[in-house]
Amino acid sequence: MSAPFYTVKDVPAQDFIRAYAEYLKKNNKIKIPEWGSIVKTGLGKEISPIDQDWMYVRAAALARKIYVRGHWGVGNLTHMFGSVNDNGKHESGSGKVIRYLLQQLETIKVLKKDNKSLLKKGSRIVTKEGQQDLNRIATQVALAARK
């Protein structure tokens, strides 16, 4: 009998993002820049996040978002990670933060730019190594939830 196998789509998003953010932090996969503690996450925010590990969480959420539905660009991701203002106007998320984290995920070979797509040239997709990495974390999350 083979060991059970789960993908990112099989586990709850919140559990996976928390586990992958912990993995990124524990293994020092992502470098947090000096400006990481003072930058806002979007135009609609007044201060930076209180959680010290928010960049790891955002990187995990970006990796999951691109895994579930590939071919995301920075513009679409700033819209997805934006917020709604008091008067109902949509405010974009921080493009600098998203671009930086996408570049960090590219350096650890989780994501890559897709230059083969005709319509979405330069958008990000998950690499083969990244897919294996993310599925391994998802399997660990699923097995921990079953116990």
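This tour moves through a predicted model, from its aromatic pairs to its nonpolar core and then to selected loop residues.

The model is predicted, with local features requiring pLDDT of at least 70 and side-chain atom pairs counted only at pLDDT 80 or more, whereas totals for chains, interfaces and linings use all residues. Residues are numbered from 1 along each chain as its sequence is written, and side-chain values use heavy atoms, with hydrogens and water left out.

**Stop 1: F16 and Y20**

Select F16 and Y20 in helix α1 (residues 13-26), where they are four residues apart, about one turn of the helix. Helices here are DSSP runs of H or I with at least four residues, strands are E runs of at least two, and both are numbered from the N terminus. A search of the whole structure returns three aromatic pairs. The ring centres of F16 and Y20 lie 5.8 Å apart with the planes at 10°, so this pair is stacked. Rings of Phe, Tyr and Trp (its six-membered ring) pair if their centres lie within 6.5 Å; planes under 30 degrees apart count as stacked, over 60 as edge-to-face and the rest as tilted.

Add Y23 to the selection: ring pairs join F16, Y20 and Y23 into a cluster. Both F16 and Y20 are buried (under 20% relative accessible area; exposed is over 50% and partly exposed in between, with a 1.4 Å probe and protein chains only).

**Stop 2: the nonpolar core**

Keep F16 and Y20 displayed, since they are the residues with the most contacts inside the largest nonpolar core, which has 38 residues. Such a core is a set of buried Ala, Val, Leu, Ile, Met, Phe, Trp, Tyr and Cys residues joined through side-chain atoms within 4.5 Å. Two or more residues come from each of α1, α2 (54-68), α3 (74-80), α4 and α5 (128-146). The most are given by α2, with ten residues.

Which residues does Y20 touch, beyond those up to four places away in sequence? Y20 touches A60, A63, L105, V110, D133, L134 and I137; contact means heavy atoms within 4.5 Å.

**Stop 3: W35 and Y100**

Next, select W35 and Y100, an edge-to-face aromatic pair at 5.4 Å centre to centre, with 75° between the planes. W35 belongs to the loop between α1 and α2, and Y100 to helix α4 (residues 95-107), so the pair ties together parts 65 residues apart in sequence. W35 has 24% relative accessibility and is partly exposed; Y100, at 16%, is buried.

**Stop 4: S48**

S48 is also placed in the loop between α1 and α2. Is S48 buried or exposed? At 19% relative accessibility, S48 counts as buried. The S48 side chain reaches the backbone oxygen of S37 at 3.1 Å. Leaving aside neighbours within four places in sequence, the contacts of S48 are S37, I38, V39 and K40.

**Stop 5: N28, H71 and the R69–W72 site**

Select N28, in the loop between α1 and α2. Its phi is near 50°, a positive value in a residue other than glycine, and N28 is exposed at 62% relative accessibility.

Move to H71, in the loop between α2 and α3. H71 also has a positive phi, near 65°, and is not glycine; at 27% relative accessibility, H71 counts as partly exposed.

Finally, show R69 and W72. The charged end of R69 sits over the W72 ring, 4.8 Å from the ring centre (NZ of Lys or CZ of Arg within 6 Å of the ring centre and within 35 degrees of the ring normal).

Methods. Polar contact = N/O pair within 3.5 Å; in protein donor to acceptor, adjacent residues only side chain to side chain.
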